[in-house]
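Subject: Structure for you to look at

Hello,

Here is the structure I said I would pass on. Please have it open while you read the notes below.

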Amino acid sequence: MTTVKQEKKQHKNDPKQLLGAWIKSFPNSRRLFYRWILLLTGVFLATLASVISIIQFINLLIAINNHGRAIVISQAPSIIFSLCAVLPMGIFLSLLGIIHWNDAVKLYENGIIKVNGIYKKHWLWRDTKSLNSTIKHINFAGSTIAVSQKLDLINNQDGLLKIKDRYKENPELVSSIRSQVIPILYQRAVHQMKNGKKIKFHSNLYALLYGIQIKESVFPWGEIQTITTRNGMFELRSKPDQKILFRKNHKRINNIDLLRQLISDPPTNTANS
């Protein structure tokens with residue numbers, strides 16, 4: 001039987017083994033820019049610099065034969081510029097395009113791999129300690145013309161993993177991650193609350209098994225509802241009179257997705273399970 005310690009050692013040596021079956025890849029929406037525009041621009045500049053330098057060098061040799069070495073002072077700067085400025089820029093752009101050629105988030109059964117250039121990060125659902133997602137509606141003339149979704153994953157091993165709104169089919173990616181992570185966070189939180197532990201979301205906001213604590217007051221789960229305003233403010237209101245009990249910018253609340261899930265599916269429903 002594989003122990004937790006052995007699994008952690010295996011994860012460290014080859015973390016991909018614990019990810020399970022591959023499901024889908026979500027390429028960076030800028031991949032076309034990296035693959036072709038940067039690459040072709042870089043190749044063009046590098047080729048142009050090389051050709052110009054060769055031509056200028058041949059002309060310089062001819063000029064030296066005709067006018068002597070003193071001509072080098074007037075001819076050399078253009079060669080130096082091509083070799084030291086244009087050529088390196090072309091090489092840099094080409095390498096940048098190649099490095100970011102396969103940027104994507106790869107979705108697996110038990111986690112994800114985020115590829116960003118030479119950076120590759122493995123993430124297991126079970127290691128996630130906090131999930132904070134942001135959904136922004138972009139409106140024009142009173143209608144929503146686009147929806148921007150991004151999320152932050154936090155664990156104790158690798159710190160923070162950001163999924164920004166820069167991947168193809170990003171709503172599906174964000175939804176897939178949330179559907180995997182939120183149940184794990186929820187079950188873990190309910191287990192901790194059954195053992196008498198509070199779940200902290202803010203210095204003035206805690207979750208208990210039978211309600212939510214705001215400062216020194218405790219409100220039953222069934223009396224609370226959440227509202228997120230257009231300016232990004234997160235509010236907790238009492239259902240009977242719509243009184244605002246708690247109001248903060250959503251960025252200042254830790255694990256906000258878990259908080260929303262606890263309110264929509266109160267842990268008292270599972271308290272006796």
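The notes below go from the overall make-up to salt bridges, surface patches and a few single residues.

Please keep in mind throughout that this is a predicted model.

Overall make-up

The protein has 273 residues, and 38% of them are buried. Its secondary structure consists of five helices and 14 strands. For contacts between residues at least 6 apart in sequence, 55% join residues that are at least 24 apart. The accessible surface is about 16300 Å², and carbon and sulfur atoms account for 57% of that area.

Salt bridges

As general background, side chains of opposite charge can pair when their charged atoms come close. The count for this model is six salt bridges. I describe some of them here.

Lys24 and Glu172 form a salt bridge with an N to O distance of 3.0 Å. Because Lys24 belongs to strand 1 and Glu172 to helix 4, this pair ties together parts of the chain that are 148 residues apart in sequence. Lys24 is partly exposed at 22% relative accessibility, and Glu172 is also partly exposed, at 34%. The pair does not stand alone: Lys24, Glu169 and Glu172 are linked in a network of salt bridges.

Lys162 and Asp152 make another salt bridge, at 3.4 Å from N to O. Here Lys162 is in strand 7 and Asp152 in strand 6 (residues 143-155), with their positions 10 residues apart in sequence. Lys162 is partly exposed, its relative accessible area being 35%. Asp152 is partly exposed as well, with a value of 23%.

Glu235 is paired with Arg247, and their closest N and O atoms are 2.7 Å apart. This salt bridge links strand 13, which holds Glu235, to strand 14, which holds Arg247, and the two residues are 12 apart in sequence. What is the burial state of each partner, Glu235 and Arg247? Glu235 has a relative accessible area of 3%, so Glu235 counts as buried. Arg247 has a value of 39% and is therefore partly exposed.

Surface patches

There is a positive surface patch made up of Arg30, Lys150, Lys164 and Lys251. Within this group, Arg30 sits in the loop that runs between strand 1 (22-27) and helix 2 (31-67). Arg30 has a relative accessible area of 41%, so Arg30 is classed as partly exposed.

A nonpolar surface patch is formed by Leu32, Phe33, Trp36, Ile37 and Leu40, with an area of about 530 Å². One of its members, Trp36, is in helix 2. Trp36 is partly exposed, with 42% relative accessibility.

Positive phi values

Two residues may be worth a look for their backbone angles. Glu169, which is not a glycine, has a positive phi, near 55 degrees. Glu169 lies in the loop between strand 7 (160-163) and helix 4 (170-194). Its relative accessible area is 43%, so Glu169 is partly exposed. Glu169 is also the residue named above in the salt-bridge network with Lys24 and Glu172.

The other is Gln242, again not a glycine, with a positive phi of about 60 degrees. Gln242 is in the loop between strand 13 (233-238) and strand 14 (244-249). These are the strands that hold Glu235 and Arg247. At 34% relative accessible area, Gln242 is partly exposed.

A histidine in a loop

Is His250 buried or exposed? With a relative accessibility of 16%, His250 falls under the 20% limit and therefore counts as buried. The residue is placed in the loop between strand 14 and helix 5 (256-264). Which residues does His250 touch, leaving out those up to four places away in sequence? They are Thr134, Gly232, Phe234 and Ile256.

Regards

Key
Residues are numbered from 1 along each chain as its sequence is written. This is a predicted model: local features need pLDDT of at least 70, side-chain atom pairs count only at pLDDT 80 or more; totals for chains, interfaces and linings use all residues. Side-chain values use heavy atoms; hydrogens and water are left out. Patches are made of residues with over 30% relative accessible area and no salt bridge: like charges are joined within 9 Å, nonpolar side chains (Val, Leu, Ile, Met, Phe, Trp, Tyr) within 5 Å. Accessible areas come from the Shrake-Rupley method with a 1.4 Å probe; for residues, only the protein chains shown count as cover. A salt bridge is a side-chain nitrogen of Lys or Arg within 4 Å of a carboxyl oxygen of Asp or Glu. Lys and Arg count as positive and Asp and Glu as negative; His and the chain ends are not counted. The place of a charge is taken as NZ of Lys, CZ of Arg, CG of Asp or CD of Glu. Helices (H or I, at least four residues) and strands (E, at least two) are DSSP runs, numbered from the N terminus. Buried means under 20% relative accessible area, exposed over 50%, partly exposed in between (1.4 Å probe, protein chains only). Contact means heavy atoms within 4.5 Å.
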